[in-house]
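These are my notes from a session with one structure. I wrote down each item as I looked it up.

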Amino acid sequence: MPRLTCRGVYTRTGMNTKGSFPEASDSGYVFLEHTADVGLRAWGLTPAAAFAAAAQGMYAIALGREPAGATGPRAAYAISVSGATWGDLLVNWLAELLFQFSVEGLVGQGFAFSECDPPRCSAQVAGRILDEEEQVEGGEIKAVTYHHLEVEVHPDRTAIQVIFDV
């Protein structure tokens, strides 16, 4: 089944995407097909850009569409998490954003990172507070998992693979 990416391009992808991402874009994400859960592969020129792309993909899963289209009152809030490794940092980052989404209806649309390097990831998040239940048309994300988790940090590119329990 084709999936919508943050660049507005439909793509098919499978779990064997290690090292593959559209070279033409600096950052973005694609959804991964998984037997029981939902996954994504995200990338960016820096770890912060890849973390932001992964967050956008997570919101797209939960909303059933791109998070840029979310409406409601504007919101700005700070997120700061810690983790000993890149994988721990990513899981904690996404889990905190998922918590804010689940409890407060906060959808991040922009991220200004002050740091993104183990042991800490901190950012100002700008976005919306959902004002209608109808806006959530995607699948409920129960948790961010370590299953097939990959964070590949290189000097000129960071690639992430993460699976969400739905």
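Entry on Thr158. I started by listing the contacts of Thr158, setting aside its neighbours within four places in sequence: they are Ala42, Trp43, Gly44, Thr46, Pro47, Ala50, Glu152 and Val153. I note here that the model is a predicted one. Thr158 is found in strand 10. Is Thr158 buried or exposed? I looked up its relative accessibility, which is 0%, so Thr158 counts as buried, the cut-off for that being under 20%.

Entry on strand 10. I then took the whole strand, residues 157-165. I found 8 of its 9 residues buried, so strand 10 is largely enclosed by the rest of the structure. Which strands pair with it? I found strand 4 joined to strand 10 by 7 bridges, the two running antiparallel. Within that pairing I noted that Ala42 has Ile160 as its bridge partner and that Trp43 stands opposite Ala159. Strand 9, residues 150-154, also pairs with strand 10 in the antiparallel sense, over 5 bridges. I recorded Gln161 as the bridge partner of Glu150. The connection from strand 9 to strand 10 is a hairpin through 2 residues. Strand 8, residues 143-144, pairs with strand 10 over 2 bridges, again in the antiparallel sense. There I recorded Asp165 as the bridge partner of Ala143.

Entry on strand 4. I moved to residues 38-44, where 7 of 7 residues are buried. Which way do the residues point? Val38, Leu40, Ala42 and Gly44 point one way, Gly39, Arg41 and Trp43 point the other way, and all are buried. I also looked up the pairing with strand 3, residues 28-32, and found it antiparallel over 5 bridges. In this pairing Trp43 is the bridge partner of Gly28. Trp43 thus appears twice in my notes on bridges, with Gly28 in strand 3 and with Ala159 in strand 10.

Entry on the nonpolar core. I asked how many residues the largest nonpolar core has, and which of them have the most contacts inside it. The count is 45 residues, and those with the most contacts inside the core are Tyr59, Leu90, Trp93, Leu94, Leu97 and Phe164. The elements that give two or more residues to this core are strand 3, strand 4, helix 1, strand 5, helix 2, strand 6, strand 7 and strand 10. Helix 1 gives the most, 13 residues.

Entry on Phe164. I listed what Phe164 touches, leaving out residues up to four places away in sequence. The list is Asp37, Val38, Leu40, Met58, Ile61, Leu94, Ile141, Ala143, Val144 and Thr145. I marked Val38 and Leu40 in this list, as both point one way from strand 4. I also marked Leu94, which is named with Phe164 among the core residues with the most contacts.

Entry on helix 1. I looked up residues 47-63 last. Helix 1 has 17 residues and reaches 24 Å from its first C-alpha to its last, close to the 24 Å expected at 1.5 Å a residue. I found 16 of the 17 residues buried, so helix 1 is largely enclosed by the rest of the structure. What follows helix 1? I found Gly64 there, with a positive phi near 85°.

Technical notes: Residues are numbered from 1 along each chain as its sequence is written. This is a predicted model: local features need pLDDT of at least 70, side-chain atom pairs count only at pLDDT 80 or more; totals for chains, interfaces and linings use all residues. Side-chain values use heavy atoms; hydrogens and water are left out. Buried means under 20% relative accessible area, exposed over 50%, partly exposed in between (1.4 Å probe, protein chains only). Helices (H or I, at least four residues) and strands (E, at least two) are DSSP runs, numbered from the N terminus. Two strands pair if DSSP finds at least two bridges between them. A nonpolar core is a set of buried Ala, Val, Leu, Ile, Met, Phe, Trp, Tyr and Cys residues joined through side-chain atoms within 4.5 Å. Contact means heavy atoms within 4.5 Å. The expected span of a helix is 1.5 Å times one less than its number of residues.
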